[in-house]
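Here is a short note for a colleague who is new to this entry. Please read the points with the view open beside you.

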Amino acid sequence: MKKLSLLFVLIFTLPLFITGCTGKSEEKYTSYTLFCEYDEANHTLDGKESVEIFNKYENSLSELKFFLYPNSFSEGNEAVSTSYFNRAYPTGEVSYGNIEIESVKSDDEALSFAISEGGNILTITLQEEIYPNEKVCVDIEFTVKLANINHRLGYGNNTVNFGNFYPILCVYENGFVENSFVLNGDPFYSETANYDVTLSFDKSFALASSGDIVSESVSGEDNVVKIEAKKVRDFAFTLSTKFQKVSSMVGDITVNYFYYDDANFSENLEVACEAMSTFQELFGEYPYKTINVAKTNFCFGGMEYPNLVFISDEVEDAETYKYVIVHELAHQWWYSLIGNNEFSEAWLDESLTEYSTALFFEKNDKYCIAYDDIISGALQSYRLFVNTYKDILGDVDESMNRSLSEFNTEPEYVNCVYTKGVLMFDSVRNTLGDNKFFKCLQNYFADFEYKTATGQDLIESFSKTSKAKLDGFFNAWLNGEVVLDNE
(Lines give C-alpha, C1' and ligand atoms only; values in the text may rest on other atoms or scores of the structure.)
Protein backbone atom coordinates (compact mmCIF):
# COMPACT_ATOMS: atom_id res chain seq x y z
CA MET A 1 0.00 0.00 0.00
CA LYS A 2 0.63 3.14 -0.24
CA LYS A 3 -2.44 4.21 1.47
CA LEU A 4 -3.56 4.33 5.02
CA SER A 5 -5.70 1.44 6.22
CA LEU A 6 -9.35 2.35 5.99
CA LEU A 7 -10.22 -0.03 8.83
CA PHE A 8 -9.01 2.59 11.29
CA VAL A 9 -8.83 5.89 9.54
CA LEU A 10 -9.07 7.27 6.01
CA ILE A 11 -6.79 10.20 5.57
CA PHE A 12 -8.40 12.79 3.30
CA THR A 13 -6.65 10.38 6.21
CA LEU A 14 31.62 13.13 -10.33
CA PRO A 15 30.20 12.17 -13.56
CA LEU A 16 29.64 8.45 -13.47
CA PHE A 17 30.04 6.19 -16.49
CA ILE A 18 28.84 2.71 -17.39
CA THR A 19 31.47 0.46 -18.84
CA GLY A 20 28.97 -2.08 -20.12
CA CYS A 21 27.48 -5.30 -18.73
CA THR A 22 29.75 -7.53 -16.75
CA GLY A 23 29.24 -10.83 -15.01
CA LYS A 24 26.41 -13.27 -15.41
CA SER A 25 22.82 -13.04 -14.28
CA GLU A 26 22.24 -15.13 -11.20
CA GLU A 27 19.73 -17.88 -11.90
CA LYS A 28 18.70 -16.17 -15.16
CA TYR A 29 17.44 -13.06 -13.39
CA THR A 30 17.58 -9.71 -15.14
CA SER A 31 20.49 -7.64 -13.82
CA TYR A 32 20.46 -3.85 -13.43
CA THR A 33 23.60 -1.76 -12.97
CA LEU A 34 22.64 1.81 -12.08
CA PHE A 35 24.82 4.92 -11.72
CA CYS A 36 22.77 7.88 -10.51
CA GLU A 37 23.75 11.41 -9.49
CA TYR A 38 21.22 13.65 -7.72
CA ASP A 39 21.41 17.41 -8.25
CA GLU A 40 19.60 19.00 -5.33
CA ALA A 41 19.78 22.52 -6.78
CA ASN A 42 17.80 21.51 -9.87
CA HIS A 43 15.93 18.52 -8.38
CA THR A 44 17.14 16.26 -11.15
CA LEU A 45 18.67 12.79 -11.22
CA ASP A 46 21.10 11.89 -14.00
CA GLY A 47 21.10 8.14 -14.49
CA LYS A 48 22.94 5.52 -16.52
CA GLU A 49 21.47 2.08 -16.50
CA SER A 50 22.90 -1.14 -17.89
CA VAL A 51 20.37 -3.96 -18.10
CA GLU A 52 21.29 -7.55 -18.86
CA ILE A 53 18.26 -9.56 -19.95
CA PHE A 54 18.16 -13.31 -20.38
CA ASN A 55 15.49 -14.59 -22.76
CA LYS A 56 13.90 -17.33 -20.67
CA TYR A 57 10.79 -17.41 -22.84
CA GLU A 58 9.76 -19.65 -25.70
CA ASN A 59 9.62 -16.79 -28.19
CA SER A 60 12.41 -14.75 -29.70
CA LEU A 61 12.54 -11.06 -28.78
CA SER A 62 12.98 -8.34 -31.37
CA GLU A 63 12.14 -5.49 -29.02
CA LEU A 64 12.12 -4.68 -25.31
CA LYS A 65 9.61 -2.61 -23.38
CA PHE A 66 10.27 -0.65 -20.18
CA PHE A 67 7.81 1.07 -17.86
CA LEU A 68 8.49 4.81 -17.32
CA TYR A 69 6.68 5.63 -14.10
CA PRO A 70 8.23 9.13 -13.66
CA ASN A 71 6.14 10.34 -16.60
CA SER A 72 3.00 9.85 -14.54
CA PHE A 73 3.97 13.20 -12.96
CA SER A 74 4.26 14.99 -16.31
CA GLU A 75 1.83 17.59 -17.55
CA GLY A 76 -1.27 15.91 -18.96
CA ASN A 77 -1.13 13.06 -16.44
CA GLU A 78 -2.94 13.38 -13.14
CA ALA A 79 -0.67 12.37 -10.25
CA VAL A 80 -3.29 12.53 -7.47
CA SER A 81 -7.03 12.88 -7.12
CA THR A 82 -8.52 16.19 -5.99
CA SER A 83 -9.18 14.79 -2.50
CA TYR A 84 -5.42 14.43 -1.94
CA PHE A 85 -4.36 17.67 -3.61
CA ASN A 86 -3.55 19.62 -0.44
CA ARG A 87 -1.59 16.74 1.04
CA ALA A 88 0.30 16.13 -2.18
CA TYR A 89 1.49 19.62 -3.12
CA PRO A 90 3.37 21.42 -0.31
CA THR A 91 3.28 24.78 -2.13
CA GLY A 92 -0.42 24.53 -2.96
CA GLU A 93 0.34 24.54 -6.67
CA VAL A 94 0.63 21.67 -9.13
CA SER A 95 4.21 20.67 -9.91
CA TYR A 96 5.33 18.46 -12.77
CA GLY A 97 8.15 15.99 -13.28
CA ASN A 98 9.20 13.54 -15.96
CA ILE A 99 11.89 11.24 -17.32
CA GLU A 100 13.86 12.01 -20.47
CA ILE A 101 15.56 9.15 -22.31
CA GLU A 102 18.86 10.55 -23.59
CA SER A 103 20.20 7.49 -25.41
CA VAL A 104 19.87 3.72 -25.75
CA LYS A 105 22.77 1.52 -26.82
CA SER A 106 23.85 -2.10 -27.04
CA ASP A 107 27.52 -2.99 -27.49
CA ASP A 108 28.17 0.75 -27.99
CA GLU A 109 25.81 0.79 -30.98
CA ALA A 110 22.84 3.16 -30.85
CA LEU A 111 19.42 1.51 -30.79
CA SER A 112 16.21 3.08 -32.01
CA PHE A 113 13.54 3.67 -29.39
CA ALA A 114 10.11 5.22 -29.02
CA ILE A 115 7.99 6.40 -26.13
CA SER A 116 4.26 5.73 -26.15
CA GLU A 117 1.61 8.41 -26.11
CA GLY A 118 1.22 9.42 -22.49
CA GLY A 119 4.81 8.46 -21.80
CA ASN A 120 4.35 5.24 -19.87
CA ILE A 121 6.20 2.76 -22.14
CA LEU A 122 9.69 2.88 -23.66
CA THR A 123 10.03 0.52 -26.64
CA ILE A 124 13.56 -0.41 -27.73
CA THR A 125 14.14 -2.07 -31.10
CA LEU A 126 16.97 -4.59 -30.97
CA GLN A 127 19.54 -4.91 -33.73
CA GLU A 128 19.08 -8.69 -33.82
CA GLU A 129 16.46 -11.02 -32.46
CA ILE A 130 17.30 -12.61 -29.15
CA TYR A 131 16.38 -16.26 -29.17
CA PRO A 132 15.44 -18.39 -26.16
CA ASN A 133 18.37 -18.94 -23.78
CA GLU A 134 20.28 -16.00 -25.23
CA LYS A 135 20.89 -12.69 -23.51
CA VAL A 136 21.19 -9.05 -24.46
CA CYS A 137 22.53 -6.01 -22.68
CA VAL A 138 21.17 -2.50 -23.21
CA ASP A 139 22.55 0.76 -21.82
CA ILE A 140 20.07 3.57 -21.14
CA GLU A 141 20.96 7.14 -20.23
CA PHE A 142 18.15 9.12 -18.65
CA THR A 143 17.35 12.23 -16.64
CA VAL A 144 14.56 12.40 -14.08
CA LYS A 145 13.09 15.76 -13.16
CA LEU A 146 11.33 15.63 -9.81
CA ALA A 147 8.00 17.25 -9.11
CA ASN A 148 7.56 19.17 -5.87
CA ILE A 149 5.10 16.61 -4.55
CA ASN A 150 4.69 14.43 -1.48
CA HIS A 151 4.57 11.17 -3.36
CA ARG A 152 6.51 7.99 -4.20
CA LEU A 153 8.71 10.07 -6.49
CA GLY A 154 9.25 13.74 -5.72
CA TYR A 155 10.69 16.20 -3.25
CA GLY A 156 8.94 17.72 -0.25
CA ASN A 157 9.96 19.75 2.77
CA ASN A 158 11.56 16.83 4.61
CA THR A 159 12.53 14.09 2.16
CA VAL A 160 13.36 13.41 -1.47
CA ASN A 161 11.67 10.17 -2.52
CA PHE A 162 12.89 7.95 -5.33
CA GLY A 163 10.34 5.21 -5.82
CA ASN A 164 9.87 3.76 -9.34
CA PHE A 165 12.36 6.28 -10.70
CA TYR A 166 14.18 4.35 -13.44
CA PRO A 167 13.17 2.48 -16.60
CA ILE A 168 12.15 -1.02 -15.49
CA LEU A 169 11.63 -3.96 -17.81
CA CYS A 170 8.00 -4.87 -18.39
CA VAL A 171 7.01 -8.44 -17.52
CA TYR A 172 6.74 -10.72 -20.55
CA GLU A 173 3.63 -12.92 -20.86
CA ASN A 174 3.39 -13.88 -24.55
CA GLY A 175 4.11 -10.21 -25.07
CA PHE A 176 5.17 -7.43 -22.74
CA VAL A 177 2.57 -6.33 -20.19
CA GLU A 178 1.96 -2.59 -20.56
CA ASN A 179 0.11 -1.15 -17.58
CA SER A 180 -1.19 2.40 -17.74
CA PHE A 181 -1.00 5.25 -15.25
CA VAL A 182 -3.91 5.35 -12.80
CA LEU A 183 -4.78 7.28 -9.64
CA ASN A 184 -6.07 4.28 -7.69
CA GLY A 185 -3.56 1.88 -6.20
CA ASP A 186 -0.20 0.88 -7.64
CA PRO A 187 0.06 0.14 -11.37
CA PHE A 188 3.25 -1.87 -10.96
CA TYR A 189 4.33 -5.31 -12.13
CA SER A 190 7.93 -6.46 -12.17
CA GLU A 191 9.98 -9.60 -11.83
CA THR A 192 12.72 -10.39 -9.34
CA ALA A 193 16.08 -9.02 -10.51
CA ASN A 194 19.61 -8.29 -9.29
CA TYR A 195 20.77 -4.71 -8.69
CA ASP A 196 24.16 -3.06 -8.36
CA VAL A 197 23.58 0.62 -7.70
CA THR A 198 25.92 3.58 -7.23
CA LEU A 199 24.33 6.75 -5.89
CA SER A 200 25.96 10.18 -5.70
CA PHE A 201 24.29 12.96 -3.69
CA ASP A 202 25.14 15.94 -1.52
CA LYS A 203 26.79 14.84 1.72
CA SER A 204 24.24 16.79 3.76
CA PHE A 205 21.76 13.99 3.00
CA ALA A 206 21.26 10.70 4.82
CA LEU A 207 20.13 7.71 2.77
CA ALA A 208 17.62 4.90 3.26
CA SER A 209 17.37 2.41 0.41
CA SER A 210 16.64 -1.07 -0.82
CA GLY A 211 19.52 -3.53 -0.64
CA ASP A 212 22.71 -3.46 1.42
CA ILE A 213 25.37 -0.76 1.40
CA VAL A 214 28.66 -2.18 0.12
CA SER A 215 30.82 0.94 0.41
CA GLU A 216 30.62 4.66 1.13
CA SER A 217 33.06 7.39 0.15
CA VAL A 218 33.22 11.16 -0.30
CA SER A 219 33.97 12.88 -3.60
CA GLY A 220 34.10 16.66 -3.23
CA GLU A 221 30.76 17.71 -1.78
CA ASP A 222 29.07 14.40 -2.56
CA ASN A 223 28.64 11.08 -0.85
CA VAL A 224 29.12 8.13 -3.18
CA VAL A 225 27.33 5.02 -1.98
CA LYS A 226 27.49 1.58 -3.59
CA ILE A 227 24.57 -0.73 -2.93
CA GLU A 228 23.93 -4.36 -3.74
CA ALA A 229 20.37 -5.70 -3.87
CA LYS A 230 20.11 -9.30 -5.00
CA LYS A 231 16.86 -11.05 -5.92
CA VAL A 232 14.55 -8.11 -5.28
CA ARG A 233 11.38 -6.94 -7.01
CA ASP A 234 12.66 -3.40 -7.69
CA PHE A 235 14.87 -0.72 -6.14
CA ALA A 236 14.02 2.52 -4.31
CA PHE A 237 15.62 5.05 -1.98
CA THR A 238 14.89 8.23 -0.07
CA LEU A 239 17.12 11.12 1.05
CA SER A 240 16.78 13.59 3.90
CA THR A 241 18.89 16.14 5.72
CA LYS A 242 16.72 15.54 8.79
CA PHE A 243 16.96 11.76 9.19
CA GLN A 244 17.90 10.28 12.53
CA LYS A 245 18.32 6.51 12.74
CA VAL A 246 17.75 3.86 15.37
CA SER A 247 18.40 0.17 14.81
CA SER A 248 17.71 -3.20 16.34
CA MET A 249 18.14 -6.85 15.42
CA VAL A 250 15.55 -9.53 14.68
CA GLY A 251 17.67 -12.64 14.51
CA ASP A 252 20.20 -11.86 11.76
CA ILE A 253 18.08 -9.05 10.28
CA THR A 254 18.99 -5.42 10.94
CA VAL A 255 15.87 -3.30 11.37
CA ASN A 256 16.52 0.43 10.82
CA TYR A 257 14.05 3.22 11.50
CA PHE A 258 14.81 6.57 9.80
CA TYR A 259 12.77 9.39 11.29
CA TYR A 260 12.38 13.07 12.13
CA ASP A 261 10.00 14.79 14.55
CA ASP A 262 9.03 11.53 16.23
CA ALA A 263 8.81 11.35 20.02
CA ASN A 264 7.68 7.71 19.67
CA PHE A 265 10.69 6.56 17.64
CA SER A 266 11.61 3.74 20.05
CA GLU A 267 8.05 2.38 20.03
CA ASN A 268 7.87 2.56 16.24
CA LEU A 269 11.16 0.68 15.94
CA GLU A 270 9.80 -1.92 18.34
CA VAL A 271 6.61 -2.51 16.36
CA ALA A 272 8.66 -2.87 13.17
CA CYS A 273 10.82 -5.51 14.85
CA GLU A 274 7.79 -7.37 16.17
CA ALA A 275 6.14 -7.27 12.74
CA MET A 276 9.21 -8.81 11.11
CA SER A 277 9.36 -11.50 13.79
CA THR A 278 5.64 -12.27 13.61
CA PHE A 279 5.46 -12.50 9.83
CA GLN A 280 8.49 -14.77 9.65
CA GLU A 281 6.79 -17.09 12.11
CA LEU A 282 3.47 -17.01 10.27
CA PHE A 283 4.59 -17.06 6.62
CA GLY A 284 8.25 -17.88 6.13
CA GLU A 285 11.77 -16.57 6.49
CA TYR A 286 12.70 -13.06 5.39
CA PRO A 287 15.76 -13.78 3.25
CA TYR A 288 17.49 -10.40 3.30
CA LYS A 289 19.91 -8.83 5.78
CA THR A 290 18.17 -5.48 6.21
CA ILE A 291 14.78 -3.85 6.41
CA ASN A 292 14.51 -0.04 6.46
CA VAL A 293 11.46 1.84 7.70
CA ALA A 294 11.57 5.51 6.69
CA LYS A 295 9.32 8.38 7.65
CA THR A 296 8.79 10.44 4.50
CA ASN A 297 6.76 13.15 2.83
CA PHE A 298 3.91 11.12 1.39
CA CYS A 299 0.29 12.02 0.75
CA PHE A 300 -0.99 8.49 1.42
CA GLY A 301 -0.37 6.30 4.45
CA GLY A 302 2.64 4.34 3.27
CA MET A 303 4.38 2.59 0.40
CA GLU A 304 6.34 -0.64 0.12
CA TYR A 305 9.56 -1.46 -1.69
CA PRO A 306 12.00 -4.34 -1.21
CA ASN A 307 13.91 -3.83 2.06
CA LEU A 308 12.38 -0.35 2.36
CA VAL A 309 9.00 1.08 3.33
CA PHE A 310 7.81 4.69 3.36
CA ILE A 311 5.60 5.81 6.27
CA SER A 312 3.81 9.11 5.72
CA ASP A 313 4.56 12.00 8.05
CA GLU A 314 0.92 12.99 7.51
CA VAL A 315 -0.12 10.15 9.86
CA GLU A 316 -0.38 11.91 13.20
CA ASP A 317 -2.24 9.34 15.29
CA ALA A 318 0.30 7.09 17.06
CA GLU A 319 -1.85 3.96 16.86
CA THR A 320 -2.54 4.41 13.16
CA TYR A 321 1.14 5.09 12.50
CA LYS A 322 2.01 1.70 13.99
CA TYR A 323 -0.76 0.08 11.96
CA VAL A 324 0.72 1.49 8.76
CA ILE A 325 4.20 0.24 9.67
CA VAL A 326 2.81 -3.26 10.15
CA HIS A 327 0.84 -3.17 6.90
CA GLU A 328 3.81 -1.98 4.83
CA LEU A 329 6.11 -4.61 6.35
CA ALA A 330 3.61 -7.36 5.52
CA HIS A 331 4.13 -6.32 1.90
CA GLN A 332 7.68 -7.67 2.15
CA TRP A 333 6.03 -11.06 1.81
CA TRP A 334 3.01 -10.16 -0.35
CA TYR A 335 4.35 -8.00 -3.21
CA SER A 336 8.12 -8.03 -2.67
CA LEU A 337 8.90 -11.74 -2.27
CA ILE A 338 5.77 -12.92 -4.07
CA GLY A 339 5.01 -10.51 -6.88
CA ASN A 340 1.84 -10.05 -8.87
CA ASN A 341 0.32 -7.74 -11.44
CA GLU A 342 -0.91 -5.03 -9.10
CA PHE A 343 -2.75 -3.31 -11.95
CA SER A 344 -4.95 -6.25 -12.94
CA GLU A 345 -5.22 -8.08 -9.57
CA ALA A 346 -4.68 -5.54 -6.82
CA TRP A 347 -6.58 -7.72 -4.34
CA LEU A 348 -3.93 -10.44 -4.49
CA ASP A 349 -1.29 -8.50 -2.55
CA GLU A 350 -3.40 -5.81 -0.87
CA SER A 351 -6.17 -8.02 0.53
CA LEU A 352 -3.68 -10.51 1.89
CA THR A 353 -1.46 -7.74 3.27
CA GLU A 354 -4.36 -6.05 5.05
CA TYR A 355 -5.46 -9.38 6.50
CA SER A 356 -1.88 -10.09 7.57
CA THR A 357 -1.97 -6.81 9.49
CA ALA A 358 -5.01 -8.08 11.39
CA LEU A 359 -3.10 -11.29 12.13
CA PHE A 360 -0.23 -9.29 13.60
CA PHE A 361 -2.48 -7.60 16.13
CA GLU A 362 -4.11 -10.92 16.97
CA LYS A 363 -0.68 -12.35 17.77
CA ASN A 364 0.51 -9.22 19.61
CA ASP A 365 -2.28 -8.32 22.00
CA LYS A 366 -0.23 -5.75 23.92
CA TYR A 367 -1.31 -3.19 21.32
CA CYS A 368 -4.93 -3.62 22.44
CA ILE A 369 -6.20 -3.85 18.87
CA ALA A 370 -8.40 -6.93 18.93
CA TYR A 371 -8.65 -9.14 15.86
CA ASP A 372 -12.41 -9.49 16.34
CA ASP A 373 -12.73 -5.71 16.45
CA ILE A 374 -10.83 -5.40 13.17
CA ILE A 375 -13.15 -7.91 11.50
CA SER A 376 -16.34 -6.36 12.89
CA GLY A 377 -15.06 -2.90 11.98
CA ALA A 378 -14.36 -4.05 8.44
CA LEU A 379 -17.84 -5.51 8.14
CA GLN A 380 -19.47 -2.30 9.38
CA SER A 381 -17.32 -0.16 7.07
CA TYR A 382 -18.10 -2.32 4.08
CA ARG A 383 -21.84 -2.37 4.78
CA LEU A 384 -21.83 1.41 5.12
CA PHE A 385 -20.01 1.75 1.80
CA VAL A 386 -22.45 -0.55 -0.02
CA ASN A 387 -25.60 0.96 1.45
CA THR A 388 -24.39 4.52 0.86
CA TYR A 389 -23.52 3.81 -2.77
CA LYS A 390 -26.86 2.11 -3.33
CA ASP A 391 -28.70 5.08 -1.84
CA ILE A 392 -26.83 7.53 -4.05
CA LEU A 393 -26.28 5.58 -7.26
CA GLY A 394 -28.93 2.89 -7.03
CA ASP A 395 -26.36 0.12 -7.40
CA VAL A 396 -22.76 -0.75 -6.59
CA ASP A 397 -20.21 -3.06 -8.19
CA GLU A 398 -18.93 -5.28 -5.35
CA SER A 399 -16.48 -7.32 -7.43
CA MET A 400 -12.90 -7.42 -6.22
CA ASN A 401 -11.29 -8.96 -9.28
CA ARG A 402 -11.01 -5.83 -11.42
CA SER A 403 -8.13 -3.88 -12.86
CA LEU A 404 -7.30 -0.57 -11.22
CA SER A 405 -8.77 1.37 -14.14
CA GLU A 406 -12.14 -0.34 -13.62
CA PHE A 407 -12.71 1.09 -10.14
CA ASN A 408 -14.81 4.21 -10.52
CA THR A 409 -13.77 5.91 -7.28
CA GLU A 410 -11.13 5.56 -4.60
CA PRO A 411 -13.65 4.54 -1.89
CA GLU A 412 -14.86 1.78 -4.21
CA TYR A 413 -11.28 0.58 -4.72
CA VAL A 414 -10.38 0.70 -1.02
CA ASN A 415 -13.54 -1.00 0.20
CA CYS A 416 -13.53 -3.77 -2.41
CA VAL A 417 -9.80 -4.50 -2.26
CA TYR A 418 -8.79 -3.78 1.35
CA THR A 419 -11.87 -3.96 3.53
CA LYS A 420 -13.64 -6.76 1.72
CA GLY A 421 -10.32 -8.55 1.32
CA VAL A 422 -9.97 -8.79 5.11
CA LEU A 423 -13.45 -10.29 5.33
CA MET A 424 -12.70 -12.76 2.55
CA PHE A 425 -9.55 -14.17 4.17
CA ASP A 426 -11.26 -14.28 7.56
CA SER A 427 -14.00 -16.34 5.92
CA VAL A 428 -11.42 -18.67 4.32
CA ARG A 429 -9.80 -19.15 7.72
CA ASN A 430 -13.13 -19.93 9.39
CA THR A 431 -13.93 -22.43 6.65
CA LEU A 432 -10.60 -24.28 6.75
CA GLY A 433 -9.69 -23.94 10.41
CA ASP A 434 -6.46 -22.46 11.75
CA ASN A 435 -4.15 -25.40 11.11
CA LYS A 436 -5.01 -25.72 7.42
CA PHE A 437 -5.28 -21.97 6.85
CA PHE A 438 -1.83 -21.12 8.17
CA LYS A 439 -0.34 -24.09 6.35
CA CYS A 440 -1.92 -22.69 3.17
CA LEU A 441 -0.20 -19.35 3.70
CA GLN A 442 3.15 -20.99 4.36
CA ASN A 443 2.95 -23.28 1.34
CA TYR A 444 1.82 -20.44 -0.93
CA PHE A 445 4.83 -18.42 0.19
CA ALA A 446 7.22 -21.36 -0.23
CA ASP A 447 5.87 -22.18 -3.71
CA PHE A 448 6.04 -18.63 -5.13
CA GLU A 449 8.89 -16.90 -3.30
CA TYR A 450 10.81 -14.68 -5.77
CA LYS A 451 8.21 -15.49 -8.44
CA THR A 452 5.10 -13.75 -9.72
CA ALA A 453 1.72 -15.25 -8.89
CA THR A 454 -1.84 -14.85 -10.11
CA GLY A 455 -5.06 -15.07 -8.16
CA GLN A 456 -5.62 -18.50 -9.63
CA ASP A 457 -2.19 -19.55 -8.38
CA LEU A 458 -3.19 -18.63 -4.83
CA ILE A 459 -6.53 -20.44 -5.12
CA GLU A 460 -4.89 -23.59 -6.49
CA SER A 461 -2.17 -23.49 -3.84
CA PHE A 462 -4.73 -23.13 -1.04
CA SER A 463 -6.86 -25.90 -2.58
CA LYS A 464 -3.90 -28.27 -2.86
CA THR A 465 -2.75 -27.69 0.72
CA SER A 466 -6.21 -27.86 2.28
CA LYS A 467 -7.38 -30.70 0.01
CA ALA A 468 -10.55 -28.70 -0.57
CA LYS A 469 -12.04 -27.31 -3.77
CA LEU A 470 -11.90 -23.58 -3.14
CA ASP A 471 -12.45 -22.13 -6.63
CA GLY A 472 -16.15 -21.53 -6.12
CA PHE A 473 -15.59 -20.15 -2.63
CA PHE A 474 -12.98 -17.57 -3.70
CA ASN A 475 -14.76 -16.67 -6.92
CA ALA A 476 -17.98 -15.90 -5.07
CA TRP A 477 -16.10 -13.27 -3.08
CA LEU A 478 -14.04 -11.98 -5.98
CA ASN A 479 -16.97 -11.68 -8.37
CA GLY A 480 -19.21 -9.88 -5.88
CA GLU A 481 -21.67 -12.72 -5.28
CA VAL A 482 -21.21 -12.71 -1.49
CA VAL A 483 -23.73 -10.28 0.00
CA LEU A 484 -22.59 -8.27 3.04
CA ASP A 485 -24.75 -5.16 2.83
CA ASN A 486 -27.56 -6.19 5.22
CA GLU A 487 -27.52 -6.21 9.01
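A crossing of two helices is called right-handed if the near helix is turned clockwise from the far one by less than a right angle, and left-handed if it is turned anticlockwise. Keep in mind throughout that this is a predicted model.

1. Start with the helix pair. Helix α7 covers residues 434-448 and helix α8 covers residues 455-466. They pack at an angle of about 125°, and their axes lie 9 Å apart. That angle makes α7 oblique to α8, because angles over 145 degrees count as roughly antiparallel and those of 65 to 115 as roughly perpendicular. The crossing of α7 past α8 is right-handed.

2. Which residues of α7 and α8 make the contact? From α7 come Lys436, Phe437, Lys439, Cys440, Leu441, Asn443, Tyr444, Asp447 and Phe448. From α8 come Asp457, Leu458, Ser461, Phe462, Thr465 and Ser466. Sorted by class, this contact has seven nonpolar, four polar and four charged residues.

3. Turn next to the sheet. It is open and has five strands, in the order β17-β18-β19-β21-β20. The pairing is mixed. Strands β17 (244-250) and β20 (302-305) stand at the edges. Each has a single partner strand, so one side of each is left without a neighbour in the sheet. On average, neighbouring strands are turned by 15° against each other, direction ignored.

4. Look at one strand pair within the sheet. Strand β18 (residues 253-259) pairs with strand β19 (residues 290-296) in the parallel sense. Five bridges join β18 and β19. Thr254 stands opposite Thr290 in β19.

5. Helices pack on this sheet. Helix α2 (residues 265-282) touches β17, β18 and β19. The direction of α2 makes about 145° with that of β18. Helix α3 (residues 318-330) also packs on the sheet, touching β18, β19, β20 and β21 (308-312). The direction of α3 makes about 155° with that of β21.

6. One loop residue deserves a look. Where is Asp262 placed? Asp262 sits in the loop between β18 and α2. Is Asp262 buried or exposed? Its relative accessibility is 12%, so Asp262 counts as buried, the cut-off being under 20%.

7. Asp262 has contacts beyond its own stretch of chain. Leaving out residues up to four places away in sequence, Asp262 touches Tyr257, Asn268, Lys295 and Tyr321. Asp262 and Ser312 are 50 residues apart in sequence. In space, Asp262 and Ser312 are 12 Å apart, C-alpha to C-alpha.

Terms used. Residues are numbered from 1 along each chain as its sequence is written. This is a predicted model: local features need pLDDT of at least 70, side-chain atom pairs count only at pLDDT 80 or more; totals for chains, interfaces and linings use all residues. Side-chain values use heavy atoms; hydrogens and water are left out. Axes are lines fitted to C-alpha atoms, for helices over the stretch in contact, and angles run from 0 to 180 degrees between N-to-C directions. Helices (H or I, at least four residues) and strands (E, at least two) are DSSP runs, numbered from the N terminus. Angles under 35 degrees count as roughly parallel, over 145 as roughly antiparallel, 65 to 115 as roughly perpendicular and the rest as oblique. Contact means heavy atoms within 4.5 Å. Ala, Val, Leu, Ile, Met, Phe, Trp, Tyr, Cys and Pro count as nonpolar, Asp, Glu, Lys and Arg as charged, and the others, Gly among them, as polar. Two strands pair if DSSP finds at least two bridges between them. Buried means under 20% relative accessible area, exposed over 50%, partly exposed in between (1.4 Å probe, protein chains only).
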